[in-house]
Amino acid sequence: MIRLLGARLVQIAVTMAVLSFAMFLLIGLMPGDPIDLAIAGDPRLTAEDAARLRALHGLDQPLLARYAAWAGALLEGRFGHSRLFAQPVADIILPALGSTLVLLGAALAVAATLGIGLGLLAAARPRLAPLVDAIAILGQSAPSFWLGILLIILFAVTLGWLPAGGTSETGGLDRLRFLLLPVVTLAIANLAAYARHSASAVGLALREPWVTAARARGNAEARVLLRHALPNAAVPILQVAALDAGALVGGALITETLFARPGMGKLIYDAVMGNDTNLALIALLLVALVTMLATLAADLAQRALDPRLRDA
Amino acid sequence: MGWKIRRGLAEVVNVAACSRSLVIVGMVAAAPALAQQREQLTIGITQYPATLHPNIESMAAKSYVLGFTRRPLTVYDQDWRLTCLGCETLPSLENGLAERETTPDGKDGIRVTWRLREDWRWGDGTPVSAEDLLFAWRAGRDFSTGFGGSEFYRTAYEAIVVDPRTITLRFDRVTFEYASAGDWQPLPAHIERSRWEQEPRSYRTRSAYETEPTNPGLWNGPYRVASVQPGAGITLERNDAWNGPAPAFRRIAVRTVENTAALEAQLLAGQLDMIAGELGLPLDQAAALERRARNRFRVHYKPGLIYEHLDVNHDTPMLADRRLRQALILSLDRAQIVQRLFGGRQPVAHTNVNPLDWVHDNDVRQWPFDLARAGAVLDEAGWRMAPDGIRRNEAGERLTIELMTTAGNRSREAVQQVVQGMWRQAGIEARIRNEPPRVLFGETLSKRRFTGAVMFAWISAPESVPRTTLHSDEIPRPERNWSGQNYTGFRNAEVDALLQAIPIELDREKRRALWHRLQAIYAEELPAIPLWFRADAHVWPTWLDGVRPTGHLAPSSLWAEEWRVR
């Protein structure tokens, strides 16, 4: 296990290095550098101003030299300054990452709990499987922004129970009120995958001889389901959860935009569109790192659950 | 004063906004009132300010927030007249605060003196002084500081502190705008000078406006910054050192909600009290909101200096022909578009000069919709109607124009469809190709990589001389680092001469005549196709009074102390 962990960490480090170069290259090749945008927005900028500002921001250097300088600073722990927010990148990313992790963590938990619950129901009561399928399809096919708007209209505008968006200024339990609608919006869109995977995996497990043996030993059906079938069906579900960690960031962009929550999804979008290279690169790398670490955690959990995988 | 593209990420981040019309009629009645006993005013805007430093970068969100927290020396007011906010008297040749002189190198120059208001203080109690203006001038003159435009600082070659409240600038150019301090604003020297002197090159990131924005000493308006939530909002508290009329609200919270559907939802849910028109709802959305929630909100439509138009590339042979440009405008029923899409709330533009500007010529040539005349003009220009309904010239080339705008801007995309349909009736084929604002403004327009017409807007100040958009020297070229905004490539010797003459003509009536001539040429030559002047929709609660939008670059927040609860 330790050897596997070491090998995977090295793999992650190499992937991050390659990714950082690829991302730097892609962002550097995007049309319109920050000075082009500044010129378009401020007619007082003369040709001399443009040259001066390019030199000031190091944009007159070749791309490779800029990458070397950026990567060197990164290795020294200097993340640079955000052009969009005029603050050190770390000061912006850490709160955004915290906010997104809370949102994604809660959404993942709700989606997984509800999805697995529905999957178990479909596996244990095959007659209800079409109903579970219908719920899953409905959740999956409802666009997040549309669903979010509907929830806002119902719970914030009409009933006035929950805030329409933003973040809590008082903290404490009030934060939960602000979190509820975005979490539900994101969770509904994602529970379908859990419902379907768990229905299929638990359904297969329920046909295994050791489940028959468990039933023969007089175990209650609920115990058979939860203690015997579910742990054996958990491996593919964990894989879905690991992949979701990265994919949810895409969903978080829409949710964060719609509910005006500062977070990584919106930050990355703003940084890329606003040509904030430092911020975009660090944020994208961080998301990649979180995804890879989540996959690693899922792999380790799978090995813990299934002894056969430990020898693989 | 310059012309600026209003871009803003609000135009970009409308990924989810296409559902804004889903805010269902009749579901708005039960919104809770969270106005916190009117001690606090919560304002929604669609953009977050990139920086709070007054002299670095210009963007509407920053101007709006700084309107509450700082006062410029001079500004154009709601009646579009230059007025003093930080100074006592507007300098003029008549009152002796401005004097014409000869510069040391023999040029026509002018020295202008501003005397600061006696009671003007920073939030920590330090008086705003001539030293603060001197420091701002020095930092601006040192081009490694990274302030945006340097033209003002190049022209103002000497600053003289007369006494702690009086400063004189000497300019090596005399323009009618000599009394305007423009973007030259006092910086608190007692906080900022040492940071700047340490290393001007990295001052931008070490300025207290970036590192400690809640320092009261940075602010000299009726409010000061109390807290900042990056990307989400800025909370302002009353500035105790403010000696002007006391503002009505103890606290003002400016919240950024980029998605306009979410912005409207937060307003209806009672989380926001008002939406600032400077960075608020599109006109059609505001009109729909007005119909639904008339009892809770007032919507005020302020037409202004946002000139929506089509830039056409004059280097494309067919568009170099003035007759074709005239046919393009003749075949557009702009009055109908404004009526149908914008409820008639935006005045049709005949040139780039707004009818509200005193230099506007009411008798300027107009191009009302006339399809028959458009056809005749095109026939004369050699573009004959073909059986497929698209005109062709003698060489058999189709009359096809690439029509571009900012992708994701639903209002412009809707207009684009209508324009395409109207041109088609005249036998002109428009091929739509839209790009995200970043690509359109950062590359395609600024490097003139478009072949047809591009729809976008300029925002300007009153009597803004359009040198950067019309002078032939301002055509972006690689050798001038692509600076300049004459994207169309328009070249006209008389216009060049007028653009040189207008700024230096101090006599108002003579200047008016020059402006009228400029408009006459514009209307005849059509360097760009005028569409309309955009209106901002300001959404206020029925209990709020005293907000007076300007319709130009100066935000309504500059007069926040006049805002009152009914």
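Which element of chain A has the lowest mean pLDDT, and which has the highest? Helix H2 (residues 34–41) of chain A has the lowest, at 69, and H5(A) has the highest, at 89. Here pLDDT is the predictor's confidence in each residue, on a scale from 0 to 100. This is a predicted model, so local features need pLDDT of at least 70 and side-chain atom pairs count only at pLDDT 80 or more, while totals for chains, interfaces and linings use all residues. Residues are numbered from 1 along each chain as its sequence is written, and chains are lettered from A and ligands numbered from 1 in the order in which they are written.

**Confidence in chain A**
- The mean pLDDT of chain A is 84, and 94% of its residues reach 70 or more.
- Where pLDDT is low, don't read the predicted coordinates in detail.

**Two helices that meet in chain A**
- Helix H5 (residues 89–124) of chain A and helix H11 (residues 264–273) of chain A have axes that come within 8 Å and cross at roughly 135°.
- Axes are lines fitted to C-alpha atoms, for helices over the stretch in contact, with angles from 0 to 180 degrees between N-to-C directions.
- That crossing makes H5(A) oblique to H11(A) (under 35 degrees is roughly parallel, over 145 roughly antiparallel, 65 to 115 roughly perpendicular, and the rest oblique).
- On the H5(A) side, the contact uses Ile92(A), Ala96(A), Leu97(A) and Thr100(A), and on the H11(A) side Met264(A), Gly265(A) and Leu267(A) (contact means C-beta atoms, placed from the backbone, within 7 Å).

**Chain B as a whole**
- Chain B has 17 helices and 21 strands (DSSP runs numbered from the N terminus: H or I of at least four residues for helices, E of at least two for strands).
- Its C-alpha atoms fill a box of roughly 75 × 70 × 40 Å along the principal axes.
- Buried residues make up 52% of the 566 residues in chain B (buried means 20 or more other C-beta atoms within 10 Å of its own, exposed 12 or fewer, partly exposed in between, with C-beta atoms placed from the backbone).
- Take the contacts in chain B between residues at least 6 apart in sequence: 70% of them join residues at least 24 apart.

**Two unusual phi angles**
- Most residues other than glycine have a negative phi.
- Ala260(A) has a positive phi of about 50° although it is not a glycine, and its place is in the loop between helix H10 (221–258) and H11 of chain A.
- Ala260(A) is buried, with 28 other C-beta atoms within 10 Å.
- Arg448(B), also not a glycine, has a positive phi of about 55° and lies in the loop between helix H14 (437–445) and strand S18 (453–459) of chain B.
- Arg448(B) counts as partly exposed, because it has 19 C-beta neighbours inside 10 Å.

Terms used
Two residues are in contact if their C-beta atoms, placed from the backbone, lie within 7 Å.
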